[in-house]
Amino acid sequence: MAHGHLVAEDALTMERQWKLPDRGTVGIVFLIVTESVLFSMFVIAYLIYLNKSLVGPYPKDVLELPILASICLLSSSGAIVFAEHALKHNRLGSFKLWWAVTILLGAYFLWATAVEWRKLIFEDHLTIATNLFGTTFYSLVGLHASHVIVGLIFLTIVFVLTLLGFPIQTQLRRVLFLSWYWHFVDAVWVIVFTVVYIIGLPR
Amino acid sequence: MFEPALSVLLQTQVPNVHEFRITNIFKPLASPAAAERTAAYLVLAITAVIFVVVAGLICYTIVRFRRRPGDNELQEPPQVYGSNQIEAAWTVIPILIVFVLIGVSARVIAAIQNASPPPQSVKILLVGHQWWWEVRYPDYGLVTANEIHVPVSSDGKHATYLQLTSADVIHSFWVPQLAGKTDLIPNRINYTWIDPRQPGVYVGNCAEYCGTQHANMLLRVIAESSEEFNAWMSAQRKPANNSDTQLSAAQTVFGSLSCVNCHMIRGTSAIGAFGPDLTHLMSRQTLGAGVLVNNTENLRAWVNDPQIPKPGCLMPSMKLTGPELNQVISYLQSLK
Amino acid sequence: MAAIDYPLQRPKAEPGEFSFSETLYKWVATVDHKRLGLMYVASALIFLIVAGIMATVMRVQLMFPNGHVVGPDTFNRLFTMHGTSMVFLVGMPMVAGFANYLVPLMIGARDMAFPRLNSFGFWIFLLGGLLLYYSYLGGGGLSGDGSAPDVGWFAYAPLTERGFSRGHSSDYWALGVLVSGFGSIASAINVIATTFCMRCPGMTLKRMPMFVWVMLIDSWLIVVALPPLSAAQVMLLLDRYLGANFFNTQNGGSAVLWQHYFWIFGHPEVYILIFPAFAILSEVIPIFSRKPLFGRPAMVAAVVAIGFISLGVWAHHMFAVGMTSWSNTFFAASSMLVGIPTGIKIFNWTATMYGGRLRFTTALLFCCGFLFQFLLAGLTGIMLAVAPFDWQLHDSYFVVAHFHFTLVGGLVFGLFAGMYYWFPKAIGKMLDETLGKWHFWLFCIGFNLTFIPLHFAGMLGMPRRIYTYAPGRGWELWNFVATIGVFFQIAGILFFIYNVLRSTLRGQPATDDPWDGWTLEWATSSPPPEYNFEKLPVVRSSRPLWDLKHPQDPDWKWE
Ligand code: HEA
Ligand code: HEA
Ligand code: CUA
Ligand SMILES: [Cu+2]
């Protein structure tokens with residue numbers, strides 16, 4: 001009774017051949033799934049309230065295309081790929097360089113957002129309370145920006161650790177997850193940009 | 001087929017002559033409610049059959065296959081893993097039933113929602129407030145509260161069309177014998193219609209939770225013959241009775257109180273819009289959206305402190321002195 | 001050969017005496033999935049009693065017309081806190097608790113994929129719950145009701161906006177639920193990662209126990225359905241604190257948007273809540289029928305189908321908001337479609353019992369109660385899905401009766417079945433069967449006595465969420481009977497509490513495999529050691545212990 005029917009060799013091969021996905025991967029994928037749903041709710045709200053503001057300012061009066069900032073953010077996705085590649089091949093110097101570039105590009109994006117908001121708030125007098133455009137604009141762009149901030153914090157932690165001589169090569173998997181998250185933040189920007197600055201701008 | 005059985009089960013009080021306090025959804029007296037009942041009976045019949053069959057099967061299984069003394073404990077029953085035919089059967093049959101139900105729903109939905117107003121219909125704008133109803137007759141320029149007078153539509157040609165909206169939060173119009181619910185939503189106008197077949201008073205409730213006194217946001221629809229309706233309308237359209245010289249002192253007292261900030265009495269200085277229009281207060285059967293029957297005693301109680309019959313309502317306790325109260329009540333009672 | 005076999009010989013859980021503070025520390029600091037699971041279930045039970053007492057007060061208030069037990073404000077807070085607690089602080093932690101405790105054991109794993117995330121999930125859930133209840137103390141102070149939320153469990157805007165909900169009661173609602181929602185998402189991601197990545201050798205998805213399958217789909221639903229609620233709550237908080245206009249109708253905001261967001265979450269949520277019961281039934285019924293689950297692939301397909309269809313039916317809660325006739329028809333149709341896979345489940349459970357040898361333990365009794373009651377609940381659900389019928393029934397006591405039949409008659413019955421079934425495994429003692437039968441019969445009678453009459457009250461036009469009603473509408477009898485039923489329910493639950501306490505302290509010790517089970521949790525000791533399995537098991541079918549116990553007729557021969 002205490003012995004199963006399995007033949008030893010049989011079970012051994014089964015054990016040896018047993019391959020399951022990496023749990024970190026699954027975790028991060030589903031984190032991204034939840035986050036995507038969260039973002040889509042804000043995107044939908046933006047679209048529903050498009051052109052529904054009762055008072056100005058309206059998008060066409062105040063919004064300017066953040067072209068440079070967008071280019072920076074999207075290229076940071078490229079930079080982090082290079083960094084990753086360098087790390088995989090154990091070229092630490094190159095890794096640090098590309099990692100720093102990623103951080104700088106992301107930081108520039110954030111700074112550009114801050115400048116944009118400053119202008120909107122102090123020159124155009126558009127706040128989150130002004131009208132539906134303000135409400136949906138600040139919440140959607142702000143939600144994205146908060147994700148950029150979180151990403152930057154993690155990127156910076158990794159950078160500082162590397163500078164301090166922490167053997168980052170041993171954490172390749174975690175670096176990879178971070179870069180996925182960063183790609184996700186960039187991809188969301190593509191959607192936010194399309195919705196806010198392209199679909200939302202005319203009229 | 002279900003009617004007798006259900007009406008025994010759902011026994012309600014016998015209504016007095018004028019008032020249907022029945023809110024039984026299976027005793028409709030208007031087309032939308034009747035169509036809803038038809039759909040309901042069909043669905044009830046189908047689901048009842050499903051219930052009897054399935055519950056019967058479960059019962060049979062439980063009784064038949066219970067473990068009995070003397071069963072061979074060591075011998076496991078035959079291990080059956082499934083059966084494609086049987087499983088297909090209990091997938092396909094429900095699919096068929098569901099399609100029938102979808103068809104029924106679609107037809108009744110269209111019949112109620114897409115009906116177009118007949119030419120003579122009365123139009124009403126019903127505005128929900130926390131916790132009373134503002135009733136407007138745009139074609140007649142009349143504003144009143146809490147009671148909707150409509151003509152009877154025994155010929156099916158005098159339906160009443162209601163536009164529904166709200167001044168604050170969401171409420172819902174529900175007079176079970178006339179029609180199912182339609183919400184009153186701020187910033188949006190909804191439509192519904194009723195065509196009461198018999199004269200009488202039909203009671204309804206606000207059916208969407210709207211704050212403290214949601215429970216006491218009752219509504220009356222008073223259906224009357226065209227003549228009665230027209231008579232009522234012309235009486236209501238008159239401004240308030242100011243001619244009675246005996247009451248001028250009372251009227252002055254009332255006018256000096258802050259009541260006028262919230263209540264409208266047409267033809268006087270009272271032009272508030274926050275509370276119900278009081279121009280013809282005495283023509284209404286209840287006070288405070290149905291919490292009290294409208295009589296002297298209750299009116300007094302209400303004006304003295306509305307927070308007692310309707311705690312939390314948005315009319316504050318006015319703290320009138322005895323003489324003021326007497327004057328106000330006698331004035332209000334002149335508002336026939 | 002023995003080395004790679006099922007480890008039927010395991011050491012007992014670590015012995016030794018611990019001081020109170022050591023024990024406390026061990027529980028608070030634990031990352032063990034079993035302890036976290038038990039903590040989830042225990043806190044859910046406590047919230048069940050608290051919210052049940054609130055329900056009792058409501059029922060006493062409504063027992064007679066013109067009731068004067070509580071005032072309108074108190075009553076409104078009662079049903080809001082009752083509903084919110086039952087859904088977010090009883091139902092959700094039960095999902096997490098059962099999944100946490102059982103999934104790793106059933107798939108032959110030593111722990112969850114992310115043990116620390118797991119403990120984070122529990123504590124943040126508890127924080128959210130306590131924050132919600134702090135509202136009774138905060139704001140208005142200890143006297144009276146404080147400022148507990150009074151906007152209903154779905155908190156329709158604009159009633160929750162600054163202008164209509166002053167003070168902080170709605171903030172407590174939004175924040176408390178938002179925070180505990182993060183915990184649910186964390187634990188759901190964890191369950192998904194665990195089932196994908198931690199299965200023992202041989203346990204393909206096809207062989208995974210039904211329980212694990214259902215919990216997997218459940219977690220998937222949590223992951224995709226909770227964010228809309230979180231988003232809506234963030235929007236509401238922005239409205240309330242920063243003056244944003246999402247739901248501010250004065251500035252053009254939409255009151256209906258909140259309803260859409262809430263129910264895009266809210267409808268999947270009700271299936272999230274019922275799935276644990278489905279999961280439990282799918283384990284308990286086969287064991288006490290001594291037959292494998294009938295039509296396993298169809299059962300899996302059915303949960304998957306429910307999991308997907310339920311994402312597209314939300315507006316059946318909104319038939320009265322004035323949607324177009326096309327939308328109404330669409331949502332009526334999609335809602336009824338859910339009945340088909342649900343029917344498959346009911347039929348297959350019945351077929352599992354058919355031809356078996358039913359052993360009516362308390363656990364199986366609760367399953368049978370479930371079958372009848374959930375059948376009725378589902379059929380009243382179909383009535384509600386017929387939009388024209390729903391125009392009459394919406395927001396009436398009929399709806400209250402419908403969802404208590406699903407949630408109490410379904411979910412709570414299922415949970416009790418699960419507790420009677422796995423208690424020996426978790427605690428190492430048997431629950432007393434006689435007390436269990438008392439519990440079952442009292443609770444079953446009480447439950448039906450309470451909620452069957454409420455269907456009739458609803459059909460007679462009684463709206464829900466009213467703190468009082470005038471006599472003469474024909475509602476008196478039904479309300480009276482309903483309230484009487486609650487006392488039977490209380491008696492039943494008191495039997496349960498007594499049973500749990502007594503059995504824990506001096507119950508009959510449980511063997512490792514008291515029910516002659518077939519899934520892996522019965523292959524380790526009761527209670528299992530911290531690392532669950534000394535040797536990871538290797539399986540070849542969905543009933544590994546059946547294979548072990550019936551070497552002549554193992555399941556894997558049929559695969
Ligand atoms: C566990 C929770 C749970 C479950 C499982 C369900 C299941 C279902 N519910 Fe329910 N429901 C709630 C919890 C639940 N509900 C809650 C909490 C509310 C109220 C929220 C609030 O307002 O506060 C609610 C409200 C609610 C409404 C809105 C009512 C209103 O406010 O106006 C509707 C309308 O369509 C509805 C429908 C359904 C349907 C069609 C199902 C189906 O899934 C049922 C399917 C099952 C069966 C049909 C039975 C078995 C099938 C067969 C035997 C096969 C044969 C059958 C046919 C062919 C029909 N529910
Ligand atoms: C899982 C979900 C769940 C559960 C289990 C219950 C259980 C119960 N519910 Fe609840 N209910 C809801 C979910 C649930 N409910 C929801 C979502 C709403 C909608 C809220 C809203 O409108 O916003 C609602 C609303 C609701 C209403 C409608 C209020 C209204 O609209 O005005 C009523 C009224 O009868 C009610 C009653 C009950 C009763 C009597 C029970 C009983 O089954 C409870 C039984 C349990 C107990 C009675 C506790 C027993 C234990 C003890 C008493 C022991 C004490 C001992 C010690 C302390 C040692 N509920
Ligand atoms: Cu108005 Cu409820
Ligand atoms: Cu639903």
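Helices (H or I, at least four residues) and strands (E, at least two) are taken here as DSSP runs, numbered from the N terminus. The structure is a predicted model, in which local features need pLDDT of at least 70 and side-chain atom pairs count only at pLDDT 80 or more, whereas totals for chains, interfaces and linings use all residues; side-chain values use heavy atoms, with hydrogens and water left out. Residues are numbered from 1 along each chain as its sequence is written, while chains are lettered from A and ligands numbered from 1 in the order in which they are written.

With contact taken as heavy atoms within 4.5 Å, two pairs of chains touch, and the pair with the most contacts is that of chains B and C. Chains A and B do not touch, their nearest C-alpha atoms being 12 Å apart.

Two metal centres are considered next, with donors defined as N, O and S atoms within 2.8 Å of the metal (3.2 Å for Na, K and Ca); water is not among the atoms, so sites may look incomplete. The iron atom of ligand 1 has a single donor from the protein, namely NE2 of C:His402 at 2.2 Å, and C:His402 belongs to helix H13 (residues 397-427) of chain C. The copper ion (ligand 4) has as its protein donors ND1 of C:His267, NE2 of C:His316 and NE2 of C:His317, at distances of 1.8 to 2.1 Å, and along the chain these donors follow the spacing H-x48-H-H. The copper ion and the iron atom of ligand 1 are 4.4 Å apart. Of the copper donors, C:His316 has a relative accessible area of 15% and is therefore buried, where buried means under 20% relative accessible area, exposed over 50% and partly exposed in between (1.4 Å probe, protein chains only).

Internal space was examined on a 1 Å grid over the protein atoms alone: a cavity is a set of points where a 1.4 Å probe fits but cannot get out, a pocket is an open set with protein on both sides within 12 Å along at least five of seven lines, and lining residues have an atom within 4 Å of a point. Grid points are joined across faces, edges and corners, and a volume is the space filled by probe spheres set on the points. Seven cavities of 30 Å³ or more are present, and the largest cavity has a volume of about 80 Å³. Helix H3 (72-106), H5 and H6 of chain C each supply at least two residues of the lining of this largest cavity, which includes C:Met92, C:Ser184, C:Met215 and C:Asp218. The lining residues divide into eight nonpolar, three polar and one charged, with Ala, Val, Leu, Ile, Met, Phe, Trp, Tyr, Cys and Pro counted as nonpolar, Asp, Glu, Lys and Arg as charged, and the others, Gly among them, as polar.

The second largest pocket holds about 1600 Å³ of space. It is lined by 39 residues, of which A:Gly27, A:Ile28, A:Leu31, A:Phe154 and C:Leu117 are the closest to its centre. Its lining draws at least two residues from each of helix H2 (23-48), helix H6 (132-163) and helix H7 (172-199) of chain A, and likewise from helix H4 (115-134), helix H5 (169-197) and helix H6 (210-242) of chain C. The largest share, eight residues, comes from H2(A), and by class the lining has 27 nonpolar, seven polar and five charged residues.

Polar contacts are pairs of N or O atoms within 3.5 Å; within protein, one must be able to donate a hydrogen and the other to accept it, and residues adjacent in sequence count only if both atoms are side-chain atoms. C:Thr450, in helix H14 (residues 433-459) of chain C, is buried because its relative accessibility is 1%. The side chain of C:Thr450 reaches the backbone oxygen of C:Ala482 at 3.3 Å, and a polar atom of that side chain lies 3.2 Å from the backbone nitrogen of C:Val486. In chain B, the side chain of B:Ser83 has a polar atom 3.3 Å from the backbone nitrogen of B:Ile86; B:Ser83 lies in the loop between helix H2 (31-64) and helix H3 (84-113).

Most residues other than glycine have a negative phi, and most peptide bonds are trans. A cis peptide bond nevertheless joins C:Ala157 and C:Pro158, with omega about 0 degrees, and another joins C:Ser526 and C:Pro527, with omega about -10 degrees. A:Asn51, which is not a glycine, has a positive phi of about 60 degrees.
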